[in-house]
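Student: Could we go through the aromatic side chains in this one together?
Tutor: Sure, let's put it up and take a look.

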Amino acid sequence: MHKSNPLDKEEESIQSKFGFDNRVLLLIAGLAILFEFYVLYVEFDTSIFNIADSFFFIGPIGAMTLGFSIAAKSGKDSMYFKPFMALSVGILFFMLGDVTYLYYDVVLGEDPYPSIGDLFYWLFYPFVIGFIVYALKFFAFPLSKPKVTLISIITAGLILAYTGISYDVFEGDIFNFDFAYGMIFVSSAAFTVGLATLGIISFKNSLQGLVWALILASLLINAVGDIWYYHLELFEGYEPLDTIDTLYLTTWMVIFYGLYRHYRYSL
């Protein structure tokens with residue numbers, strides 16, 4: 001009779017801890033669908049702060065708190081300290097962008113785009129890129145030519161896609177303010193998607209691979225949402241609580257779950 005190896009059972013146990021519960025992912029998907037239904041079919045007054053707006057603060061606050069907790073609990077000498085500190089500071093800037101956006105929109109009754117809030121939104125990216133680079137340092141560095149090529153193709157591809165779908169709007173004028181302004185954010189988002197994709201591929205063979213991939217996937221979703229957003233802003237096509245906000249909400253749910261799994265089983 002074949003006997004299972006105790007070491008195999010131990011490895012399977014470790015993998016299950018660092019993995020994730022599919023039921024939670026289904027719940028996240030279900031909540032995203034419900035929110036999208038709310039956006040599409042429920043009438044709401046976007047001139048006041050409503051229950052949907054609160055979700056965009058609960059998510060970042062929860063993710064930021066977990067990120068700072070991971071950094072603090074792991075200690076300054078840990079491989080986790082710098083990446084999760086960078087991620088949490090990035091989320092803090094993102095929240096400041098949201099606060100500024102709502103202040104202009106709800107309190108002042110002015111169009112928040114463009115505004116000083118965009119600076120906070122942009123600062124999210126250097127810190128997120130720092131998070132990914134710190135994380136990849138232990139798994140994917142030094143960068144080989146195939147890895148650099150992958151990042152370059154994804155980054156250039158998304159920038160070209162943004163340019164292509166927006167061409168009719170800015171009429172081929174690369175000095176058009178809205179197009180050039182949006183390109184600052186789109187290029188940062190595109191580079192983030194390239195790095196995040198490399199990270200997801202690199203982490204697949206590590207014990208923590210699924211959790212790290214989950215965190216990176218959430219950042220990827222957010223970056224794609226930003227590229228879509230800046231395309232919409234070219235022709236003032238974005239409305240408060242648009243379908244794109246479903247992507248943002250999904251980002252915070254996914255990243256919170258990934259950070260929670262990391263906090264619970266990696267420290």
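**Rings, charges and a surface patch**

Tutor: Keep in mind that this is a predicted model. To start, the charged end of lysine 73 sits over the ring of tyrosine 263, 4.7 Å from the ring's centre.

Student: How many aromatic pairs does a search of the whole structure find?
Tutor: Rings count as paired if their centres lie within 6.5 Å. Searching the whole structure on that basis gives 20 aromatic pairs.

Student: How are the rings of phenylalanine 170 and phenylalanine 179 arranged?
Tutor: Their centres are 3.9 Å apart and their planes meet at 20 degrees. Planes under 30 degrees apart count as stacked, so the pair is stacked.

Student: Is phenylalanine 179 buried or exposed?
Tutor: Its relative accessibility is 5%, and the cut-off for buried is under 20%. So phenylalanine 179 counts as buried.

Student: Which helices hold phenylalanine 185 and tyrosine 230?
Tutor: Those two rings are stacked too, with centres 4.6 Å apart and planes at 10 degrees. The pair links distant parts of the chain, 45 residues apart. Phenylalanine 185 is in helix H7 (residues 177-203), and tyrosine 230 is in helix H8 (residues 209-233).

Student: Is leucine 40 buried, exposed or partly exposed?
Tutor: Leucine 40 lies in helix H2 (residues 22-41) and belongs to a nonpolar surface patch with Phe37, Tyr41 and Val42. Its relative accessibility is 48%, and exposed needs over 50%. So leucine 40 counts as partly exposed.

Conventions:
Residues are numbered from 1 along each chain as its sequence is written. This is a predicted model: local features need pLDDT of at least 70, side-chain atom pairs count only at pLDDT 80 or more; totals for chains, interfaces and linings use all residues. Side-chain values use heavy atoms; hydrogens and water are left out. Patches are made of residues with over 30% relative accessible area and no salt bridge: like charges are joined within 9 Å, nonpolar side chains (Val, Leu, Ile, Met, Phe, Trp, Tyr) within 5 Å. Accessible areas come from the Shrake-Rupley method with a 1.4 Å probe; for residues, only the protein chains shown count as cover. A salt bridge is a side-chain nitrogen of Lys or Arg within 4 Å of a carboxyl oxygen of Asp or Glu. Helices (H or I, at least four residues) and strands (E, at least two) are DSSP runs, numbered from the N terminus. Buried means under 20% relative accessible area, exposed over 50%, partly exposed in between (1.4 Å probe, protein chains only). Rings of Phe, Tyr and Trp (its six-membered ring) pair if their centres lie within 6.5 Å; planes under 30 degrees apart count as stacked, over 60 as edge-to-face and the rest as tilted. A charge sits over a ring if NZ of Lys or CZ of Arg is within 6 Å of the ring centre and within 35 degrees of the ring normal.
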